[in-house]
Amino acid sequence: MSSITKVALPGATGNLGPAILDQLLAAGFQVKVLTRQSSSHTFPDSVEVAPVDYDSLDSLAAALEGQDAVVSTLASLALEKQLLLAEAASQAGVRRFIPSGFGSNTVHAKTSKLPSYGHKIAVQEALKREAAREDGSGMTYTIVINGPFLDWAVRVGWLANLQTREINLWDGGDRVFSATTLAGVGRAVAGVLWHPAETRNRAVFVQEAALSGRDLARYAKEATGGGGADWKEHRPSVDELVDAGWAELKKERPNPDNWVMNFITAAVFGEGYGAHFEENDNALLGVKEMGGDEIVAMLKKLA
């Protein structure tokens with residue numbers, strides 16, 4: 001039995017939040033969702049809802065009082081709020097904090113320097129300082145690294161576009177990367193909270209698939225039928241994409257649309273960003289890898 005039973009979930013209405021909420025409830029945790037005071041979202045009757053002011057330390061700390069853990073799923077545009085959220089959690093006596101760092105391998109030296117991950121790295125460093133408090137009373141943390149959200153990234157046409165039958169095979173598409181579905185990330189989070197000692201103050205790595213762009217193209221063609229003759233395969237360059245991102249950042253007023261995804265894409269498909277997790281924590285966290293047939297079945301549902 002885990003020593004963690006009460007879990008606060010800020011950001012439960014984005015892409016990932018609902019999947020994590022479902023898995024936490026399925027695992028038997030008592031969940032308290034933090035919402036903006038203007039939110040009109042509804043949740044299951046078993047979920048406690050606490051409207052908060054994300055700019056107020058007192059408001060956040062009051063909402064987190066009595067909670068054992070915080071799982072932050074704040075969306076990208078709100079990531080700067082995490083530093084105050086972590087401070088509030090510490091003040092409220094929360095024992096474990098899982099930041100909204102889901103995705104690329106941000107604990108990798110090369111990836112951590114990419115400008116798209118600045119807010120994530122800032123909160124990771126703050127959590128490390130908190131955990132290292134000399135009196136031993138610091139809040140602990142776990143960083144969940146899961147690669148791109150496999151189902152979501154296909155649904156929005158980023159990893160592959162099933163509607164237009166197009167895929168980018170970056171630098172030829174041979175590099176292998178790790179990926180996990182939204183539900184798989186939720187299961188990993190529940191696994192972390194069920195194993196607080198084993199996951200204390202470290203990153204955990206999970207993957208439901210380890211595949212290359214070419215692998216994904218093959219699965220996508222099978223899922224959409226017709227032998228794949230109607231698919232278009234593009235072969236862009238990761239280095240050129242990164243160069244374009246840095247060029248945009250040198251402008252007086254950089255447009256985030258022209259650089260943020262450049263570096264996120266590089267972290268998945270580029271050379272030396274630690275995108276393939278050769279060792280992982282699947283067994284500990286209860287995450288199983290998908291076979292090729294399972295990936296095709298998932299893609300058919302998305303097509």
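In this predicted model, seven strands make up an open sheet whose order is 3-2-1-4-5-6-9, and the pairing within the sheet is parallel. Its edges are formed by strand 3 (48-52) and strand 9 (202-205), each of which pairs on one side only. From one strand to the next, the twist averages 25°. Strands of a sheet pair through backbone hydrogen bonds, in either a parallel or an antiparallel arrangement. For strand 2 (residues 30-36) and strand 3, the pairing is in the parallel sense and extends over five bridges, and Lys-32 stands opposite Glu-48 of strand 3. Helix 6 (residues 182-194) packs on the sheet, where it touches strand 1 (6-10), strand 4 (69-71), strand 5 (96-98), strand 6 (140-145) and strand 9. The direction of helix 6 makes about 165° with that of strand 5.

Salt bridges were examined next. Side chains of opposite charge can pair when their charged atoms come close. Over the whole structure, the search finds 16 salt bridges. One of the pairs is formed by the side chains of Asp-68 and Arg-95, which meet at 3.1 Å, N to O. Because Asp-68 lies in the loop between helix 2 (57-64) and strand 4, and Arg-95 in the loop between helix 3 (82-92) and strand 5, this salt bridge ties together parts that are 27 residues apart in sequence. The two partners are also described by their accessibility: Asp-68 is buried, with a relative accessible area of 11%, whereas Arg-95, at 37% relative accessibility, counts as partly exposed. When residues up to four places away in sequence are not counted, Asp-68 touches Ser-3, Ile-4, Thr-5, Lys-6, Val-94, Arg-95 and Arg-96, and its salt-bridge partner Arg-95 is thus listed among these contacts.

A salt bridge between distant parts of the chain is also made by the side chains of Asp-174 and Arg-214, with an N to O distance of 3.0 Å. Asp-174 is located in the loop between strand 7 (166-168) and strand 8 (176-179), and Arg-214 belongs to helix 7 (residues 213-224), the two residues being 40 residues apart. Asp-174 counts as exposed at 55% relative accessibility, while Arg-214 is partly exposed, with a relative accessible area of 37%. The side chains of Glu-248 and Lys-251 likewise meet in a salt bridge, at 2.9 Å, N to O. Within this pair, Glu-248 counts as buried at 7% relative accessibility, and Lys-251 counts as partly exposed at 47%. In addition, salt bridges that share partners join Glu-130, Arg-133 and Asp-135 into one network.

Aromatic side chains were considered in the same manner, and the count comes to eight aromatic pairs. Among them is the pair of Phe-149 and Trp-152, which is edge-to-face, with 6.4 Å from centre to centre and 80° between the planes. The edge-to-face assignment follows from the angle between the planes, because planes over 60 degrees apart are classed in this way. Phe-149 counts as buried at 15% relative accessibility, whereas Trp-152 is partly exposed, with a relative accessible area of 25%. Elsewhere, Trp-158, Trp-170, Phe-177 and Phe-269 form one aromatic cluster. Aromatic rings also lie beneath charged side chains: the charged end of Lys-110 sits over the ring of Tyr-273, 4.3 Å from its centre, and Arg-218 lies over the face of Tyr-219, at 5.1 Å from the ring centre.

Helix 9 (residues 260-269) is mostly covered, with seven of its ten residues buried. The buried residues of helix 9 are Asn-262, Phe-263, Thr-265, Ala-266, Ala-267, Val-268 and Phe-269. Strand 8 and helix 8 (238-249) are included in what covers these buried residues. Phe-269, one of the buried residues of helix 9, is also a member of the aromatic cluster with Trp-158, Trp-170 and Phe-177.

Note on methods:
Residues are numbered from 1 along each chain as its sequence is written. This is a predicted model: local features need pLDDT of at least 70, side-chain atom pairs count only at pLDDT 80 or more; totals for chains, interfaces and linings use all residues. Side-chain values use heavy atoms; hydrogens and water are left out. Two strands pair if DSSP finds at least two bridges between them. Helices (H or I, at least four residues) and strands (E, at least two) are DSSP runs, numbered from the N terminus. Axes are lines fitted to C-alpha atoms, for helices over the stretch in contact, and angles run from 0 to 180 degrees between N-to-C directions. Contact means heavy atoms within 4.5 Å. Rings of Phe, Tyr and Trp (its six-membered ring) pair if their centres lie within 6.5 Å; planes under 30 degrees apart count as stacked, over 60 as edge-to-face and the rest as tilted. Buried means under 20% relative accessible area, exposed over 50%, partly exposed in between (1.4 Å probe, protein chains only). A charge sits over a ring if NZ of Lys or CZ of Arg is within 6 Å of the ring centre and within 35 degrees of the ring normal. A salt bridge is a side-chain nitrogen of Lys or Arg within 4 Å of a carboxyl oxygen of Asp or Glu.
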